[in-house]
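Work through the exercises below with the structure open. Each task is followed by a solution in steps.

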Amino acid sequence: MHTVPERNFVPAMPSNSYHAPSLADFSNMLLNRCLRTASDDDAPTWQLLYYGVIQETHSNALLAVLVRSGSEEQFWLTADLSTREPWPSLANDWPALLWPEREVWERTGYEPLDHPDLLPILHPHLVDLESRAEGAGVFSLPLGPVRADVSESAFFLFDTVGEQIMHLQPQLFYKHRGIEQLAIGKTAEDVLLLAERISGTSTAAHASACASALEQALRWQPPNHVLWERQLWVELERLYNHAHDLSQLASAAGMTVGQAQLARVKEECLRLAADLTGSRYLRGAVKLFGSSNINWRLSLPHLEASLSAADDRLNHFVRLLSRTPTFIDRLVGTGTVKREWADKYSLVGVTARACGVKTDIRHDFPTHYTGTGYEICTSSMATGDAKSRFDVRVDEWNVSVRMVRSLTRRLANTERNDIPASRNLPREGWGVGFVEGARGRVAHVVVVADGRTKFYGVRSASSWIWPVFGLATANGNIQTDFPVIDASFGLSCAGMDR
Amino acid sequence: MIKDPSIASHSFSVSPDTYSTVPKPDWQQMDDTTLRQFQKKFGHSLHIRHIDVGSCNACESEVLALSNPYYNFHRLGFFFASSPRHADVLLVTGALTKAMKDVLMATYEAMPRPRIVIAAGVCPIHGGVFRDSEQFVGPVESVIPVDAHIPGCPPTPYALIHGLLLASGRMEEGAERA
Ligand code: SF4
């Protein structure tokens, strides 16, 4: 039987964990570490990966998991929620916590004091949203949950005056499947199966975040070729997602040819994924404790050819779209995210980079991406509108194509010697995994006890971006801008709702 | 105005009795004559309302792919309808969650008769990995009658086209055109 060599062990406990004696202490520590200042273009040194409730032996505890950019250093902060002491809400100072605090409140009944907007979030069907704008001529317009042609279920309440949108309240969690609860008591393999189904169009991102969290918990250090292969899947996923979002944007602006051609690019990427892994959505591509047994040398020519064809087509039609004034006109100044929101709401992903914030897991943790052709793409205009998001996506497409090429070449030239995980893996541990998915940072947190999952927490990129979506929509836009804004954000409800 | 009242009754079952463990609600099954009428009325063009009752979004992605130039299901006379009031077919994806149950019933109620329901993906048929979740209500079949099941996680666009042709009774024609 194989045993895991010594170098494949990483420390069992998070390098740094701290149990705050009181909730006030907890809040202070969190604020001190995490708040980003507006003058700074870089992401804050400490990033908040997870904020939620964890079931301790007797009671509930508040858990925040942080990671320091550029290092392996993690920080797990907990505080008891059972002592009946007051819990001051942080959402006023740090609106990124608006929704997470609501969720904690709804799960535990423990009320954050002075929370600006305390409404149940997990049971949308039991809450009637009320109009927020007042005055003559204000109309409330409900939209959803069944909306548009083919789209995910979510509800939006518009307050409008004439065409102008005054206020928009998104209501999600219609698709809450309780995945985090479902994972409790399951084996690592079963949890991975669930992780793949959190957000289908981010399968690879969620699966590799989950796999690295589990592997950290069970103290298995993946060798480089495993990391490269996972990154390859994530980049391939980014390609089809960006093609999809660009196509939807073209459709929202009435550019039918652009839409059809970009949808074609997406289909080609999906077929490439199916050719390589057998699944169009990369289900099962990420393996626990190892890599696939694809013969990369054989697959290389086919991959290069399909990739070039898709790349040429996308760039050709993006060029045509960029030269179409009626298209660009629809994007400029539409759905603008203010720079200060990006900071206050700790935005991630394309949305943040379109505001000029340099945040990207691949940039903040440049471990195994060096030499793959990666560079961070922030919008040069940094206007935070639909046009900036369009530009960032196009740039990222090109970067990802470069990365896929170089990663496959690397894989083709590496001898793989997978060290099978030993049967006597440790039976308990904690782990965090985070990945830059197509929409932004995906983070998974697991606690394993007795070989089974004891706690599982998921924060997808969309969960940090949704709260800003309403603000950006009401930011001087009219009703007919909504499809453009929706498409330019490209958010996932499934990832948020879990 | 529907002249023949029998057409207003629901459902025929294209699926085998694989799912017979699921308690069926007391819906009147559609008989052969009505089925023929349905196919006569809608055999050539179907308008489809899609509803997501708790999916992971991969199913939506595949449903959307039907309209891309590779599959172009418009050539077969299938179209997406933006309102259930204009739809002949309800295409359900996802694991039915508590929050979506009433929405699903309301959408189904809003459809004109005759109507057919297609469950696409493992989730609406069985629940898949979400079956044990306390948020999961049950197979869609336990809430509204389902006429065709398209398994897969997610079902590929070809499988979806197959299911649509099957449900509208146009399989042979589909084979000719393929
Ligand atoms: S059947 Fe599979 S792909 Fe479809 S919604 Fe369910 S988990 Fe997602």
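**Exercise 1. Locate the ligand and describe its shell.**

Step 1. In this predicted model, the ligand lies between chains A and B.

Step 2. List the neighbours. Chain A's entries are A:Arg197 and A:Arg283. Chain B's entries include B:Cys56, B:Cys59, B:Cys123 and B:Cys153.

Step 3. Assign elements. Helix H2 (58-65) and helix H4 (122-125) of chain B each give two or more residues to the shell.

Step 4. Sort by character. The shell divides into seven nonpolar, three polar and two charged residues.

**Exercise 2. Classify the ring pair A:Phe469 and A:Phe489, and place its surroundings.**

Step 1. The whole structure holds 17 aromatic pairs over all chains.

Step 2. For A:Phe469 and A:Phe489, the centres lie 5.1 Å apart and the planes make 85°. Planes over 60 degrees apart count as edge-to-face, so this pair is edge-to-face.

Step 3. A:Phe469 is in helix H14 (residues 461-473) and A:Phe489 in helix H15 (residues 482-489) of chain A, 20 residues apart.

Step 4. Check burial. A:Phe469 is buried at 0% relative accessibility, and A:Phe489 is buried at 2%.

Step 5. Look outward. Both rings belong to a cluster with A:Phe156, A:Phe158, A:Trp466 and A:Phe482. The charged end of A:Arg389 sits over the ring of A:Phe489, 4.1 Å from its centre.

**Exercise 3. Are B:Tyr71 and B:Tyr158 buried or exposed?**

Step 1. B:Tyr71 has a relative accessible area of 2%, so this residue is buried.

Step 2. B:Tyr158 reaches 54% relative accessibility and therefore counts as exposed.

How values were computed:
Residues numbered from 1 in each chain as written. Chains lettered and ligands numbered in written order. Predicted model: local features only at pLDDT ≥ 70, side-chain atom pairs only at ≥ 80, totals over all residues. Heavy atoms only, no water. Near = heavy atom within 4 Å. Helix = DSSP H or I, 4+ residues; strand = E, 2+ residues; numbered from the N terminus. Nonpolar A, V, L, I, M, F, W, Y, C, P; charged D, E, K, R; others polar. Phe/Tyr/Trp six-rings, centres within 6.5 Å; stacked < 30°, edge-to-face > 60°. Buried < 20%, exposed > 50% of the residue type's maximum accessible area, 1.4 Å probe, protein only. Lys NZ or Arg CZ within 6 Å of the ring centre and 35° of its normal.
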